[in-house]
Amino acid sequence: MSANLVTASESRPCVTVVITCRERFQLTEAAIDSVVRHTRMPMRLLFLDICSPDWLREKIARRANEWGLETVQIGRAHV
């Protein structure tokens, strides 16, 4: 096996973890933080923001870089 192939495959995560919440928005930040702290393998971490309230959207945006989190916004909250 070529050294370039090993490097390329090791740099790309093989796992995508998707997190979303429908209710109980207060638990979202702690849930994401827990996944980040307890997952040892390289992963792509994706948060599906489905009508989250503005306060949560702002918290997630502030910590996204720290967590290595990608967000996808679906819908808009009326809270």
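**Close-up views of a predicted α/β chain**

**View 1. The whole chain, from one end to the other.** Starting at the N terminus, the elements follow one another in the order α-β-α-β-α-β. That gives three helices and three strands in the chain. Please keep in mind that this is a predicted model. Of the 79 residues in the chain, 28% are buried. The chain exposes about 5800 Å², and 55% of this area comes from carbon and sulfur atoms. Among contacts between residues at least 6 apart in sequence, 67% link residues at least 24 apart.

**View 2. Strands β1 and β2, with α2 as the link.** Here β1 (15-20) and α2 (28-38) are joined by a loop, and β2 covers residues 43-50. Six bridges pair β1 with β2, and the pairing is parallel. To find your place in this pair, look for Val-18, which stands opposite Leu-46 of β2. Together, β1, α2 and β2 form a β-α-β unit that is right-handed.

**View 3. Strands β2 and β3, with α3 as the link.** β2 pairs with β3 as well, again over six bridges and in the parallel sense. A handy landmark is Phe-47, found opposite Thr-71 in β3. From β2 the chain passes through α3 to reach β3, and this β-α-β crossover is right-handed. In sequence, α3 takes up residues 54-67 and β3 residues 69-74.

**View 4. The buried side of α2.** Which residues of α2 are buried? They are Thr-28, Glu-29, Ile-32 and Asp-33. These residues lie on the same side of α2, because they cover an arc of only 130 degrees around the axis. And what covers them? The cover for the buried residues of α2 includes β1, β2, α3 and β3.

**View 5. Asp-49 and its surroundings.** Asp-49 belongs to strand β2. Is Asp-49 buried or exposed? With a relative accessible area of 5%, Asp-49 falls under the 20% cut-off and therefore counts as buried. Its side chain makes a polar contact of 2.6 Å with the side chain of Ser-52. If neighbours within four places in sequence are set aside, the residues in contact with Asp-49 are Arg-57, Val-72, Gln-73 and Ile-74. Of these partners, Arg-57 can be looked up in α3, which spans 54-67, while Val-72, Gln-73 and Ile-74 fall in β3 (69-74).

**View 6. Arg-24, in the loop before α2.** The loop between β1 and α2 holds Arg-24. Although Arg-24 is not a glycine, its phi is positive, at about 45 degrees. How accessible is Arg-24? Its relative accessibility is 59%, which is over 50%, so Arg-24 counts as exposed.

**View 7. Cys-51, in the loop before α3.** Our last stop is the loop between β2 and α3, where Cys-51 lies. Cys-51 is another residue other than glycine with a positive phi, in this case near 60 degrees. The relative accessible area of Cys-51 is 32%, so this residue is partly exposed.

Terms used:
Residues numbered from 1 in each chain as written. Predicted model: local features only at pLDDT ≥ 70, side-chain atom pairs only at ≥ 80, totals over all residues. Heavy atoms only, no water. Helix = DSSP H or I, 4+ residues; strand = E, 2+ residues; numbered from the N terminus. Buried < 20%, exposed > 50% of the residue type's maximum accessible area, 1.4 Å probe, protein only. Polar contact = N/O pair within 3.5 Å; in protein donor to acceptor, adjacent residues only side chain to side chain. Contact = heavy atoms within 4.5 Å. Areas by Shrake-Rupley, 256 points an atom, 1.4 Å probe, with all protein chains shown as cover. Arc of directions from axis to C-beta. Pairing = 2+ DSSP bridges. Right-handed = clockwise from strand over helix to strand, strands pointing away.
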